[in-house]
Amino acid sequence: TFLYYKYLLENFCNDLIKRNSVAYMVSLVRLGDTWQWKNFNVEEARDISTILSYYGNDRFINNYTNFLRKNREFYFNEAEKVLIESDKNMRNDYIERAKQNIIIRDIKGYKVGIVFAELYRSELGNTLAEYFIDSVDLIMIINMNRTFSFRCVKDNVDVCEFAKLFGGKGHKKASGAPLPENLKEDTI
């Protein structure tokens, strides 16, 4: 989003593109995509991601295209604020339950905190990795409907290398792997 916005500013600059609302929304999307919102404590960047997940791509794009055309400043409307607050409460409860149900195991020389979860993978993984920093090297989130997700906050652990053990890939601090084809059948 930021790179495209920069391209538009350099090549097709107009009143709409220069609006504070547009620039601020672009910064929120960038901070959310890169997880820098956490470093700078910009909760609105997480909130814009929450709205995207509720609206879906098409509705999100249509809604904010119209919003940005009409408004010079960015804000969430009252309905969005209710969604954001409700989601925040559900997310916090979900993460607290995961903390209580974590299973710690040694896997290939790593202390791994394992949780079964379907929601909030990035935030869940990072929160658990921070909370259990003295107990585990990384967090493994098993979503029985989709994938393994791996997260860590330690600089000496590369979850991308760990993900390769399961046929996965990704980044040093956030990676994933497909579930083995027979996992569900073996579980049953």
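Is Asn 143 buried or exposed? At 3% relative accessibility, Asn 143 counts as buried. The legends below describe close-up views of a predicted model.

**View 1. Asn 143 sits in the loop between strand 3 and strand 4.** Setting aside residues up to four places away in sequence, Asn 143 touches Ala 117, Glu 118 and Leu 179. The relative accessibility of Asn 143 is 3%, under the 20% cut-off, and therefore this loop residue is classed as buried.

**View 2. An open sheet is built from six strands with mixed pairing.** The strand order is 1-2-3-4-6-5. Strand 1 (103-107) and strand 5 (169-170) are the edge strands, each pairing on one side only. Strand 2 and strand 3 are parallel and share five bridges; within this pair, Val 112 has Leu 138 of strand 3 as its bridge partner. At the other edge, strand 5 pairs with strand 6 (residues 174-178) in the antiparallel sense over two bridges. Gly 170 is bridged there to Ser 175 of strand 6. Helix 8 (residues 121-131) lies across strand 2 (110-116), strand 3 (138-142) and strand 4 (147-151). The angle between helix 8 and strand 4 is about 45 degrees.

**View 3. Strand 1 and strand 2 form a hairpin with two residues between them.** The two strands pair in the antiparallel sense over five bridges, and Ile 104 has Gly 113 of strand 2 as its bridge partner. Lys 108 belongs to the loop between these strands. Its phi is near 50 degrees, a positive value in a residue other than glycine. Lys 108 has a relative accessible area of 66% and is therefore exposed, the cut-off being over 50%.

**View 4. Asn 41 lies in the loop between helix 4 (36-40) and helix 5.** Phi of Asn 41 is also positive, near 55 degrees, and the residue is not a glycine. With 59% relative accessibility, Asn 41 counts as exposed.

**View 5. The largest nonpolar core has 22 residues.** Met 25, Ile 48, Ile 51, Phe 60, Tyr 64, Phe 74 and Phe 76 have the most contacts inside this core. At least two core residues come from each of helix 1 (2-11), helix 3 (20-34), helix 5 (43-55) and helix 6 (57-70). The most is given by helix 3, with six residues. Apart from this core lies another, of 15 residues, including Phe 150, Val 157, Ala 163 and Leu 179. In soluble globular proteins, nonpolar side chains tend to be buried together.

**View 6. Phe 76 is in contact with residues that include Ile 48, Ile 51 and Tyr 64.** Leaving aside neighbours within four places in sequence, Phe 76 also contacts Glu 44, Asp 47, Lys 81 and Ile 84.

**View 7. Helix 5 packs against helix 7 (residues 78-101).** The axes are 10 Å apart and the packing angle is about 100 degrees. This angle falls within 65 to 115 degrees, so helix 5 is roughly perpendicular to helix 7. On the helix 5 side, the contact is made by Arg 46, Asp 47, Thr 50, Ile 51, Tyr 54 and Tyr 55. Helix 7 contributes Glu 80, Leu 83, Ile 84, Asp 87, Met 90 and Arg 91. By class, the residues of this contact are six nonpolar, one polar and five charged.

Note on methods: Residues numbered from 1 in each chain as written. Predicted model: local features only at pLDDT ≥ 70, side-chain atom pairs only at ≥ 80, totals over all residues. Heavy atoms only, no water. Pairing = 2+ DSSP bridges. Helix = DSSP H or I, 4+ residues; strand = E, 2+ residues; numbered from the N terminus. Contact = heavy atoms within 4.5 Å. Axes fitted to C-alpha atoms, helices over the stretch in contact; angles between N-to-C directions. Core = buried A, V, L, I, M, F, W, Y, C linked by side-chain atoms within 4.5 Å. Buried < 20%, exposed > 50% of the residue type's maximum accessible area, 1.4 Å probe, protein only. Parallel < 35°, antiparallel > 145°, perpendicular 65-115°, else oblique. Nonpolar A, V, L, I, M, F, W, Y, C, P; charged D, E, K, R; others polar.
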